[in-house]
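This briefing goes through one chain, from its overall form down to single residues. Please keep the sequence and the coordinates open while reading.

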Amino acid sequence: MRKELVDLALERKDELSRSACLLERQIAETTAKLHALKAEASELPQKLKRVDSYRHEKGKICPHCFVNVGKRIELTSMSSETNEDNFKCKTCGFEISLSP
Ligand SMILES: [Zn+2]
């Protein structure tokens, strides 16, 4: 009877060791995600300021590059079969059709 109880307790040891490993991995992943979210949140005020200042930009500046990283990348004209002019950002790949 006593040996059976000890065996049952020992079975729990393996289960708890696996749980500890799983929890440590989940904590590491969650911590990494938390750091990434904090970094993203800390960049938002600067991005919001760039959104406001974008309207004062002259020319066809890529809105994504301007807002996200503060770079003034001129959109490049692409050939088109329609009446609209197609433009592309060579830095981020953003494409847009603008009426002349
Ligand atoms: Zn861009």
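Of the 100 residues of the chain, what percentage count as buried? The figure is 3%. The model is predicted, and the values below are computed from it. The chain holds 2 helices and 3 strands, and its elements follow the order α-α-β-β-β from the N terminus on. The radius of gyration is 27 Å, whereas the globule rule gives 13 Å for 100 residues, so the chain is more spread out than a compact globule.

**Overall form**

- The C-alpha trace spans about 90 × 35 × 15 Å along the principal axes of the chain.
- Among the contacts in the chain with a separation of 6 or more, 19% are between residues 24 or more positions apart.

**Helix α1**

- Helix α1 covers residues 2-54, which is 53 residues.
- From the first C-alpha of α1 to its last the reach is 76 Å, close to the 78 Å expected at 1.5 Å a residue.
- At L44 the helix α1 has a kink of about 35 degrees, and the proline P45 comes shortly after this point.
- The number of buried residues in α1 is 0 out of 53, so the helix lies largely in the open.

**Two positions in α1**

- L5 is part of helix α1. This residue counts as exposed because it has 9 C-beta neighbours inside 10 Å, and the cut-off for exposed is 12 or fewer.
- E40 also belongs to helix α1. With 10 other C-beta atoms within 10 Å, E40 is exposed by that cut-off too.
- E40 and L5 are 35 residues apart along the chain, and their C-alpha atoms are separated by 52 Å.
- Between L5 and S79 there are 79 Å in space, C-alpha to C-alpha, at a distance of 74 residues in sequence.

**The sheet**

- Three strands make up an open sheet in the order β1-β2-β3, and the pairing is antiparallel.
- β1 (76-78) and β3 (95-98) are the edge strands, each of which pairs on one side only.
- On average, neighbouring strands of the sheet are turned by 35 degrees against each other, with direction ignored.
- In general, the strands of a sheet pair through backbone hydrogen bonds, in a parallel or antiparallel way.

**Strand pairs and bridge partners**

- β1 and β2 are antiparallel and pair over 3 bridges. T76 has K88 in β2 as its bridge partner.
- Strand β2 (residues 85-88) is joined to β3 by 4 bridges, and these two strands also run antiparallel.
- K88 has a bridge partner in β3 as well, namely E95. K88 is thus named in a bridge with T76 and in another with E95.
- Opposite F87 stands I96, a residue of β3.

**The hairpin and F94**

- β2 and β3 form a hairpin with 6 residues between them. In the turn, G93 has a positive phi of about 90 degrees.
- F94 sits in the loop between β2 and β3.
- Is F94 exposed, partly exposed or buried? F94 counts as partly exposed, because 15 C-beta neighbours lie inside 10 Å, a count between the cut-offs of 12 or fewer for exposed and 20 or more for buried.
- Which residues does F94 touch, not counting those up to four places away in sequence? They are C62, H64, K88 and C89.
- One of these contacts, H64, is 30 residues from F94 along the chain, and the two C-alpha atoms are separated by 7.5 Å.
- K88, another residue touched by F94, is the bridge partner of E95 in β3.

How values were computed. Residues numbered from 1 in each chain as written. Predicted model: local features only at pLDDT ≥ 70, side-chain atom pairs only at ≥ 80, totals over all residues. Pairing = 2+ DSSP bridges. Axes fitted to C-alpha atoms, helices over the stretch in contact; angles between N-to-C directions. Contact = placed C-beta atoms within 7 Å. Rg over C-alpha atoms; globule rule 2.2 N^0.38 Å. Expected span 1.5 Å × (residues − 1). Bend = angle between axes of the 7 residues up to and from the residue.
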